Amino acid sequence: MKIRKPKTTDKEQVMEILKQMSPEYMTDMLSELDRVTSNKFDGKHFGFVYEDGKDVIGYITCRENVATYQLETLAVHPSHQRKNIGSNLVNFLIQYLKYNGRFKVLNVNTEHGDYAEEFYIRSGFEISGVIKDEFIPGIEQVHLSYRL
Ligand SMILES: CC(C)(COP(=O)(O)OP(=O)(O)OC[C@H]1O[C@@H](n2cnc3c(N)ncnc32)[C@H](O)[C@@H]1OP(=O)(O)O)[C@@H](O)C(=O)NCCC(=O)NCCS
């Protein structure tokens, strides 16, 4: 197994992983997938996939947001969850940014109270705030940050 940059040929398997996400986010996630698998690296959006044999079973993306990094999408194939793959992808991104990045903060937003909040806290993130109705009316988003 290895963590590597995504390729155009990974798209189908990544889309399979993304099916579990809320449909409201799908349009943005698909254009992001196009961007991170494109050969034309724009310097601001990047990502990694977790490959097991020839299967892609995990996916993480990040973008530069003014003077911080924003972790945009993280997903592990449902039949491979709870095996530390998500933690490995987050740790890989953190190490990558520590050694290759120019900013000192990695931010992430997720649904407040969802298990992903606990997942990010376990990965070393700290809560910086909670915002009502940020992306979906009636849903609170928790903002967390990691000091690189
Ligand atoms: C969130 C996600 C990426 C975690 O990936 P994963 O590989 O399953 O997570 P890990 O095995 O690395 O979990 C590490 C810890 O996070 C917590 N955690 C992870 N999944 C959890 C769950 N379903 N319920 C409760 N705690 C959970 C646990 O503390 C876990 O440690 P443990 O298994 O020793 O108890 C994965 O569940 C996923 O793809 N979810 C759907 C998409 C999503 O919600 N993405 C994040 C928001 S953007």
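Colleague: Which residue of E4 is the bridge partner of tyrosine 59?

Modeller: In this predicted model, the bridge partner of tyrosine 59 in E4 is alanine 75.

Colleague: How do you know that E3 and E4 pair, and in which sense do they do so?

Modeller: Two strands are said to pair if at least two bridges are found between them, and E3 and E4 are joined over seven bridges in the antiparallel sense, so the condition for pairing is met.

Colleague: What stands between the strands in the hairpin of E3 and E4?

Modeller: The hairpin has two residues between the strands, and valine 66 takes a positive phi there. The value for valine 66 is near 60 degrees, in a residue other than glycine. As background, most residues other than glycine have a negative phi.

Colleague: Why is valine 66 called exposed?

Modeller: A residue counts as exposed if 12 or fewer other C-beta atoms lie within 10 Å of its own. Valine 66, in the loop between E3 and E4, has 6 C-beta neighbours inside 10 Å, and therefore it counts as exposed.

Colleague: What makes E4 largely enclosed by the rest of the structure?

Modeller: A residue is buried if 20 or more other C-beta atoms lie within 10 Å of its own. Seven of the nine residues of E4 are buried, and so the strand is largely enclosed by the rest of the structure. Besides its pairing with E3, E4 is joined to E5 by three bridges, and these two strands run parallel; in E5, valine 108 is the bridge partner of leucine 71.

Colleague: Why does E6 lie largely in the open?

Modeller: Of the six residues of E6, the number buried is zero, and therefore this strand lies largely in the open. E6 is joined to E7 by five bridges, with the two running antiparallel, and one of the bridge partners is serine 145 in E7, which is matched with glutamate 126.

Colleague: What is the order of the strands in the sheet, and is the sheet open or closed?

Modeller: The seven strands form an open sheet in the order E1-E2-E3-E4-E5-E7-E6, and the pairing is mixed. The strands at the edges are E1 (2–4) and E6 (126–131), each of which pairs on one side only. From one strand to the next, the twist averages 25 degrees.

Colleague: How do you know that E1 and E2 pair?

Modeller: At least two bridges are needed for pairing, and E1 and E2 have three, in the antiparallel sense, so they count as paired. In E2, glutamate 51 is the bridge partner of lysine 2.

Colleague: Which strands does H1 lie across, and at what angle does H1 run to E3?

Modeller: H1 lies across E2, E3 and E4, and runs at about 85 degrees to E3. H4 also packs on the sheet, touching E5 and E7, and its direction makes about 160 degrees with that of E5.

Colleague: Why is glutamate 111 called partly exposed?

Modeller: The class called partly exposed lies between 12 or fewer neighbours, which is exposed, and 20 or more, which is buried. Glutamate 111, found in strand E5, has 16 other C-beta atoms within 10 Å, and so it is partly exposed. Leaving aside its neighbours within four places in sequence, glutamate 111 is in contact with Ala116, Ile139 and Gln141.

Colleague: What makes phenylalanine 135 partly exposed, and aspartate 133 exposed?

Modeller: The count for phenylalanine 135 is 13 C-beta neighbours inside 10 Å, and therefore it counts as partly exposed. Aspartate 133 has 10 other C-beta atoms within 10 Å, and so it is exposed. Phenylalanine 135 has its place in the loop between E6 and E7, and aspartate 133 is in the loop between E6 and E7 too. Phi of aspartate 133 is near 55 degrees, a positive value in a residue other than glycine.

Colleague: How many residues does the largest nonpolar core have, and which have the most contacts inside it?

Modeller: The largest nonpolar core has 29 residues, and those with the most contacts inside it are Ile60, Leu89 and Leu93. Leucine 93 touches Phe48, Ile60, Cys62 and Leu71, not counting residues up to four places away in sequence.

Colleague: Which helix gives the most to the shell around the ligand?

Modeller: H4 gives the most, with five residues. The ligand is surrounded by 18 residues, the closest being Gln81, Gly86, Ser87, Tyr115 and Phe119, and by class the shell has eight nonpolar, six polar and four charged residues.

Note on methods. Residues numbered from 1 in each chain as written. Predicted model: local features only at pLDDT ≥ 70, side-chain atom pairs only at ≥ 80, totals over all residues. Near = placed C-beta within 6 Å. Helix = DSSP H or I, 4+ residues; strand = E, 2+ residues; numbered from the N terminus. Nonpolar A, V, L, I, M, F, W, Y, C, P; charged D, E, K, R; others polar. Core = buried A, V, L, I, M, F, W, Y, C linked by C-beta atoms within 7 Å. Contact = placed C-beta atoms within 7 Å. Axes fitted to C-alpha atoms, helices over the stretch in contact; angles between N-to-C directions.
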